[in-house]
Amino acid sequence: MKSLLLLAAIGLAAAEDGLNAWLRYPRLQGANRYYKQLPSSIIVLNSTKGLPVYTAGQELVHGFDSIFGKQVAIENQQLHRPGHGHGLSDTEAIVATVGAYAEENPGAADRLPKLVDDGFYLSISSGNVLILGQNERGVLYGAFHYLSRLAQGDVSDFTLTSNPDAPIRWVNQWDNMKDGGTHGSIERGYGGDSIFFWDGVVRQDLTRAGQYARLLASIGINAVVVNNVNADPTTLTSENMDGLARIANVFRPYGVQLGVSLNFASPQTFGGLSTFDPLEPIVEDWWQNITDNLYRRIPDMAGYLVKANSEGQPGPMTYNRTLADGANMFARTLKPHGGIILFRAFVYDHRTLNQTLDWKADRANAAVHYFDGLDDKFDDNVVIQIKYGPIDFQVREPVSPLFSHLRKTGTAIELQISQEYLGQQAHLVYLAPMWRELLDFDFRVDNQPSVVSNILNGKRFGQRRGGYAGVVNVGHNTTWLGSHLAMSNLYAYGKMAWNPSTSPISALQEWTKLTFSSDRKVLEVITTLSLSSWPAYESYTGNLGIQTLTDILLGHYGPNPASQDGNPWGQWTRADADSLGMDRTVWNGTGFAGQYPPAIASQYEHPSTTPDNLLLWFHHVPYTHRLHSGKTVIQHFYDAHHAGAATAQSFVTLWKTLKGRIDPERYEHILFRLVYQAGHALVWRDSITTFYHNKSGIADEQGRTHKYRIEAEDMTLSGYQIYSVSPFEAASGAKCIVTSSNTTTGTASTILKDVKTGKYDIAVNYYDMALGNSTWELFLDNRLVGKWKGDLEYELGKAPSPYVDGQTATRKTFYGVKVNKGSELKIVGRPDGEEPAPVDYVSVLPEGVVD
């Protein structure tokens, strides 16, 4: 009978910083009662210290001790008798590769299910456990799966054969060799500095790198590309090659291989050659020498990742060579070592994109255009890494049509765990439901079932290599990604890369049990929050396929819909006074819809058959165009942005119901971020609805107003002056107030003559710029209500901004404040550095009301 243990509250009051993530292994309540359902010894066959089978044994020892308080020793590396060992008075866990187990027990191999590389077999029966892997990595995966069950309180008998769906289950880290510059230590990283590099070299202390490998192995990830795709050629110095070998050494016990990103022009910029033409023998010889040197240091290196001819990066097309010419050069250098190259399909020339001069110009067309005619030209150890959508990690995109064009070349889907366009871990967005839609999408190639997951695993077109590449970008923050809840995305990524049919709900709830507890209330709240988060974020940022209406020219974070047009990056909406959306039809637009197989192309060609959630991706329509729901496009914008922001407000209330059920450190950390998200969702709501109201001239049918709002520019000012904000929609009324100098204290006051005496929530919307740490004080009748500091750039980890704009706009709320009719409300702002203590407005709200 299945035995589910109650997870203990032991240590609940103790602080937890998130470093152990889902591998916390907290002690179970009454655990010693279940000792008989656990092994009393561990037998590990043919283990070598520093390799995964040995690690598997050590993980079991640690897990039994941590979860149950049971000391289980590893005994000699021989079975007590031929066979499993069931029936002995003492129970045992046997840990081995299939080959080692069959050598000890020759008749066993015929009775075991078929495993592929990295696959494992797990059998639990009356306290005896058999963990077998097709290779060493598979053994470790089986051990982690068993421990996951125990950590969730399940000691029941169980049998499982588990094989990975695809061989490539990699993560990409966009870590830079140095801090500073445009993107800091990690490009699009929001969890602190690189765990691999500092000051141009590999870190001496790689403790966190080993911990990262352990986390990744526990979810089936088998390789990490450790450096940025915008690669620094100095990664290839002898010193740094030695450093890469040290990283590989701390990865190896967990079966995680190391991959390296390369800068295509390195032979010239770093090697001193006059060219980096991939068809020049001296260039290939140079790369062969580099590759050989790396493999001498790292014999199990996974291979390379290359970004070429994209966003100003060099590549083979610099010399009028094809992308296949470039990829195959690297493939040939890797072939003798068994390595593979992931060659990114993110190829476009932003210098040629001009929507004013060319109506048909469209960045979405680039991937299929540049790979056209090359499908049979790539060597067999080349895999094309394709972003899930044709643009760039947007909140909603159609699946890239390139997956349906490459039928002879292996492909890997590039997903982004790091939320570059999706709130940068300052907003909760659980991404697994999005990935589920992408992986289930059916291209109907040749009118046959052609779902994305079966293209990646090779079943549809018969390729041997393919799979998954997730851009993760963990950092030195103890939460890894900057947010505890964001780690659910990394966990789900690993589980879905192993088995793409994994339910987003099951992955989430498993992660929740391991990360927090099996408390029913905790499961309910985190499930509700997480499953609501992607729809809410899409609703208050950019819906109907318009893309995430973020500031494309700066940090990809806050709202700035005007930046989506006229930019050189091809992320356009073509919004004007009458209409918006990209016409990507064949008959009148950019022709992008025609890149899909006929059954899909015909669906996207017409507004009436295009799903509403992709309407503006494929069609340029009037604001008054009616959706399938019956609403006009513009009214849908108004309603969705209000509804999404309202959902974000509910996150705070829901989370507060978990006080006392989550340890204080993590509870407060998550609450802080959810409160911030609730405030910033209002910034998004107001910015987008104001912008499109201004653009279209069409009013919101609901007549929604901000009746509780007091504009800062309408208050009595001393030391403050009125400032016109750009973009205008980033401020209520297009204006805010800033101190008249960087040394002047500003005061803004008003008499609350229309406010009845009672209790209110008082919200102050202000701007926290990355130029200093201003302080603000809120007074009522000279009574201090609260004081706060502008230091979110240190707290959130999101991309910083030096401007008064939608990226820095935020809110501070004081709850249950006693207000008398006729009271004087006063804000005192003290600038710091170059930050002039900006204030947008104040809202005096009836308790529980949000404006």
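Which unit do S12, helix H8 and S13 make? Let's find out by walking through this predicted model.

**The whole protein.** Start zoomed out, with everything shown as a cartoon. You have 20 helices and 29 strands in view. The radius of gyration is 28 Å, close to the 29 Å that the globule rule gives for 851 residues, so the protein is as compact as a globular protein of that length. Along the principal axes, its C-alpha atoms fill a box of roughly 90 × 70 × 55 Å. Of the 851 residues, 63% count as buried.

**Residues 303-306, 323-334 and 340-344.** Now select strand S12 (residues 303-306) and strand S13, then add helix H8 (residues 323-334). Here is the reply to the opening question: together they make a right-handed β-α-β unit. S12 and S13 pair in the parallel sense over 4 bridges. For one bridge, pick valine 306, whose partner in S13 is phenylalanine 343.

**Side chains of S13.** Keep residues 340-344 selected and show their side chains. In a regular strand the side chains alternate between the two faces of the sheet. Ile340, Leu342 and Arg344 point one way from S13, while Ile341 and Phe343 point the other way. With 5 of its 5 residues buried, S13 is largely enclosed by the rest of the structure. Note that Arg344 is among these buried residues.

**Residues 366-371 and 382-387.** Next, select strand S14 (residues 382-387), which runs parallel to S13 and is joined to it by 4 bridges. Click leucine 342 to find its bridge partner in S14, valine 383. Finally, add helix H9 (residues 366-371): S13, H9 and S14 make a right-handed β-α-β unit.

Terms used. Residues numbered from 1 in each chain as written. Predicted model: local features only at pLDDT ≥ 70, side-chain atom pairs only at ≥ 80, totals over all residues. Heavy atoms only, no water. Buried < 20%, exposed > 50% of the residue type's maximum accessible area, 1.4 Å probe, protein only. Helix = DSSP H or I, 4+ residues; strand = E, 2+ residues; numbered from the N terminus. Pairing = 2+ DSSP bridges. Right-handed = clockwise from strand over helix to strand, strands pointing away. Rg over C-alpha atoms; globule rule 2.2 N^0.38 Å.
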